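Here's a quick briefing to read with the model open in your viewer. Keep the sequence at hand too.

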Amino acid sequence: MSDRLSTLAHDESAPPRPRAALEIPGLLRAWRAQAGRKLGRGKPLTQAEVAAELGMSVRWYRDVERGGPGRLSPTTADRLGEVLLLGPDERMALRRFVAGDRPPTRTSGALPTGSLQALLDMQMPYPAYCTDGVWDLVACNQAMKEWFPWVHEPRANLLRWALASREARDQFVHWPEHAATYLAQLRFALAATPGNAELGALRDELLRNPQCRRLWEEEPRVVAYGDGHRFALRLPRFGRQQISVVSHVLVPAYHPDLRFVVLTCAEGGGGG
């Protein structure tokens, strides 16, 4: 057994261990494989190829993928994003990991609840809500309550409802596509804030569902925010007539761990 583990530890083509794959060092290996596919090679870029493009030694880059002593500077991280053909959200996750720029933990006493609620109410008749770093609902307006009654639940959590509830699977048209986007946001949060116990617990809870685990394992996709995400719903509020909406995401000043979200109807999408 020890020989087998030793072999895996040095096999750059072996998939990262489940826990290791949740943070940037583990994702780098998956992104190398993805880059190979994008280039039409049918196999991952090798560690040697990536190291050569960065002007570094193979040993140095191997340590980076293991989460060891190899350290990435912001400049090297940007170049690595180019080499691995990463998208903007993946590059943002990599930069945050390198810079250690992690949003502060929310404290309820520090929230601008009055002004935040007033701003949410101004978005009527469109649903608007605010969630924290683990997608717990902080506040919402009346339209959100009417469209999505789950917000009345104790410690209502957007990801828990969207990914684990039977109601959400019934109301989201093409639920797997929408669920994959939420899981990609969770992966971004985990990569950008390694060691976050609440996020880890939420991930473990959601991945106990076989469908969520399958979507999670399909590709190493990360999404920073769902801004501009379009999706279709069939809600009891509208007699289950299909409506199309667009998600608009803002980050409140001085509270970068919060997400301020407004749902508007896509052109010709009905609702109101």
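About 70 Å³ of space lies in the second largest cavity. A cavity here is a set of points on a 1 Å grid over the protein atoms alone where a 1.4 Å probe fits but cannot get out, and its volume is the space filled by probe spheres set on the points, with grid points joined across faces, edges and corners. This is a predicted model, in which local features need pLDDT of at least 70 and side-chain atom pairs count only at pLDDT 80 or more, while totals for chains, interfaces and linings use all residues. Residues are numbered from 1 along each chain as its sequence is written, and side-chain values use heavy atoms, leaving out hydrogens and water.

**Cavities**

- The second largest cavity has Y129, M144, F148, W150, L158, W161, F172, Y182, F231 and L263 around it; lining residues are those with an atom within 4 Å of a point.
- By class, that lining comes out as 10 nonpolar residues, with no polar and no charged ones. Nonpolar covers Ala, Val, Leu, Ile, Met, Phe, Trp, Tyr, Cys and Pro, charged covers Asp, Glu, Lys and Arg, and the others, Gly among them, are polar.
- In total, the structure holds 2 cavities of 30 Å³ or more, and the largest has a volume of about 140 Å³.
- Sixteen is the count to remember for the largest cavity: it is lined by 16 residues, with Y129, Y182, Q185, G226 and S247 nearest its centre.
- Elements giving two or more residues to that lining are β1 (128–131), α11 (175–192), β4 (242–250) and β5 (259–265). Helices (H or I, at least four residues) and strands (E, at least two) are DSSP runs, numbered from the N terminus.
- α11 supplies the largest share of the lining of the largest cavity, at 4 residues.
- The lining of the largest cavity is a mix of 8 nonpolar, 7 polar and 1 charged residues.

**Helices α4 and α5**

- In α4 (residues 58–66), the buried residues are W60, Y61, D63, V64 and E65. Buried means under 20% relative accessible area, exposed means over 50%, and partly exposed is in between (1.4 Å probe, protein chains only).
- Cover for those buried α4 residues includes α2 (24–38), α3 (47–54) and α5.
- W60 has a relative accessible area of 17%, so it counts as buried.
- W60 and R71 are 11 residues apart along the chain, and their C-alpha atoms are separated by 8.4 Å.
- After α4 comes G67, with a positive phi near 75 degrees.
- Which residues of α5 (residues 74–83) are buried? They are T76, A77, L80, G81 and V83.
- Those buried residues sit on the same side of α5, because they cover an arc of only 160 degrees around the axis; the arc is that of the directions from the helix axis to the C-beta atoms.
- P74 and T75, on the other side of α5, are exposed.
- L85, just after α5, takes a positive phi of about 55 degrees.

**L190 in α11**

- L190 lies in helix α11 and is buried, at a relative accessible area of 6%.
- A93 is 97 residues away from L190 in sequence, yet the two are 9.2 Å apart in space, C-alpha to C-alpha.

**Backbone oddities**

- The peptide bond from M124 to P125 is cis, with omega near 10 degrees. P125 belongs to the loop between α7 (113–121) and β1.
- R155 is a residue other than glycine with a positive phi, near 45 degrees. Its loop runs between α8 and α9 (158–164), and R155 is exposed, at 56% relative accessible area.
- H174, also not a glycine, has a positive phi of about 55 degrees. H174 is in the loop between α10 (166–171) and α11 and counts as exposed at 58% relative accessibility.

**Where to trust the model**

- The protein averages a pLDDT of 82, and 83% of the residues score at least 70. pLDDT is the predictor's confidence in each residue, from 0 to 100.
- Confidence is lowest in helix α1 (residues 2–10), at a mean of 38, and highest in helix α8 (residues 142–147), at 97.
- Over residues 14–22 pLDDT stays under 50, and the model has 15 contacts beyond four places in sequence for them. A contact means heavy atoms within 4.5 Å.
- Residues 103–109 also stay under 50, with 11 contacts beyond four places in sequence.

Key
1 Å grid on protein atoms, 1.4 Å probe; cavity = no way out; pocket = protein on both sides within 12 Å on 5 of 7 lines; lining within 4 Å.
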